[in-house]
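Visitor: I would like a close look at one part of this protein, and then at how that part sits in the rest of the fold. Please take it step by step and keep to what the model shows.

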Amino acid sequence: MSLINDDLQDLLIHYCEPESQLLQQIDRETNLKVLMPRMLSGHYQGRVLSMLSKMMAPKRILEIGTFTGYATLCLAEGLTKDGILYTLDINVELEDMVRQHFAQSPYDKQIKYILGDATKTVTDLDETFDIVFIDADKKNNGTYYDLIFDQVRPGGIIIVDNVLWSGKVLQDKQDKDTKNITDFNDKIAADKRVEKLILPVRDGLFVIRKLD
């Protein structure tokens, strides 16, 4: 899923902050025990998410798509002492593993892990968010974006993963999944309420800042 070669990826990792022991453990366990382990954010993207979170010093974070909790813990590193991170996921089969990961972290009491259809559970959250990270079923990127937009504070950011779709967005003839990604990217490009840029990190991170 990375858009750069392995040698350059290794160089980038060499010059960024190391993973914690817990994050290394989550990476190993995910690759050994979980289907489609490539969905895990991984070392370099995790450090990007951590850095963005620390720069924002958020009181409230929303993550749509928990998977095994790797990105959750990276984002949690920037939380204020009284901050809360809500993470939404539909996969109940991973619940025990995810809760164990959170319990081993210093952020366990600050993480609210909510299982169910995120298009429904997100509407139950009466919060204003500093950061939203969308990394779930890609066909619903636009739906999630619309559902949460009014709950993002002015100056807050929305981060959307996999927006370069392994480079398939460059193809003239696109399959349904790729067309969904391209349509979402076009939607954001046309949204005058935000500033935006795509970072070519791993499979593409769309960083979207809500205008003041």
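Guide: Start with Arg 202, which sits in the loop that joins S6 to S7. Keep in mind that the model is predicted. The backbone at Arg 202 has a phi near 55 degrees, which is positive although the residue is not glycine. That is worth noting because most residues other than glycine have a negative phi. Arg 202 has a relative accessibility of 16%, so it counts as buried, the limit being under 20%.

Ser 166 can be set beside it. Its phi is near 55 degrees, again a positive value in a residue other than glycine. Ser 166 belongs to the loop between S5 and helix H8 (176-189). With a relative accessible area of 44%, Ser 166 is partly exposed.

Next, go back from the loop into strand S6, where Leu 199 is found. Leu 199 has a relative accessible area of 24% and is therefore partly exposed. Apart from neighbours within four places in sequence, Leu 199 touches Val 48, Gly 204, Leu 205 and Val 207. The C-alpha atoms of Leu 199 and Leu 164 lie 9.5 Å apart, with their positions 35 residues apart in sequence.

The two strands on either side of the loop are linked by side chains as well. Arg 209 and Glu 195 form a salt bridge, with 3.1 Å between the closest N and O atoms. This pair ties together distant parts of the chain, Arg 209 being in strand S7 and Glu 195 in strand S6, 14 residues apart. Arg 209 is partly exposed, at a relative accessible area of 28%. Glu 195 is partly exposed too, at 42%. Elsewhere, salt bridges with shared partners connect Arg 47, Lys 54 and Glu 77 into one network.

Now the sheet that holds these strands. It is an open sheet of 7 strands, ordered S3-S2-S1-S4-S5-S7-S6, and its pairing is mixed. Strand S6 (194-199) and strand S3 (111-115) form the edges; each has a single partner strand, so one side of each has no neighbour in the sheet. On average, neighbouring strands are turned by 15 degrees against each other, with direction ignored. Helix H3 (residues 42-56) packs on this sheet and touches S1, strand S4 (129-134), strand S5 (152-161), S6 and strand S7 (205-210). The direction of helix H3 makes about 180 degrees with that of S5.

Further along the sheet, strand S1 (residues 60-64) pairs with strand S2 (residues 84-89) in the parallel sense, over 5 bridges. Within S2, Tyr 86 is the bridge partner of Leu 62. Helix H5 (residues 95-103) lies across S2 and S3, and runs at about 175 degrees to S3.

Helix H5 has a salt bridge of its own, in which the side chains of Arg 99 and Glu 95 meet at 2.8 Å, N to O. Because Arg 99 and Glu 95 are 4 residues apart in helix H5, about one helical turn separates them. Arg 99, at 39% relative accessibility, counts as partly exposed. Glu 95 counts as partly exposed at 24%.

Helix H3 carries one side of another ion pair. The side chains of Glu 77 and Arg 47 meet in a salt bridge at 2.9 Å, N to O. Here too distant parts of the chain are linked: Glu 77 is in the loop between helix H4 (70-76) and S2, Arg 47 is in helix H3, and 30 residues separate them. Arg 47 has 11% relative accessibility and so counts as buried, whereas Glu 77, at 21%, counts as partly exposed. In the whole structure, a search finds 12 salt bridges.

One surface feature completes the tour. Leu 8, Leu 11 and Tyr 15 make up a nonpolar patch on the surface, with about 330 Å² of accessible area together. Tyr 15 lies in the loop between helix H1 (6-14) and helix H2 (21-33). Its relative accessibility is 66%, so Tyr 15 counts as exposed.

Conventions
Residues numbered from 1 in each chain as written. Predicted model: local features only at pLDDT ≥ 70, side-chain atom pairs only at ≥ 80, totals over all residues. Heavy atoms only, no water. Pairing = 2+ DSSP bridges. Axes fitted to C-alpha atoms, helices over the stretch in contact; angles between N-to-C directions. Contact = heavy atoms within 4.5 Å. Patch = residues over 30% accessible without salt bridge, like charges linked within 9 Å, V, L, I, M, F, W, Y side chains within 5 Å. Areas by Shrake-Rupley, 256 points an atom, 1.4 Å probe, with all protein chains shown as cover. Salt bridge = Lys/Arg side-chain N within 4 Å of Asp/Glu carboxyl O. Buried < 20%, exposed > 50% of the residue type's maximum accessible area, 1.4 Å probe, protein only.
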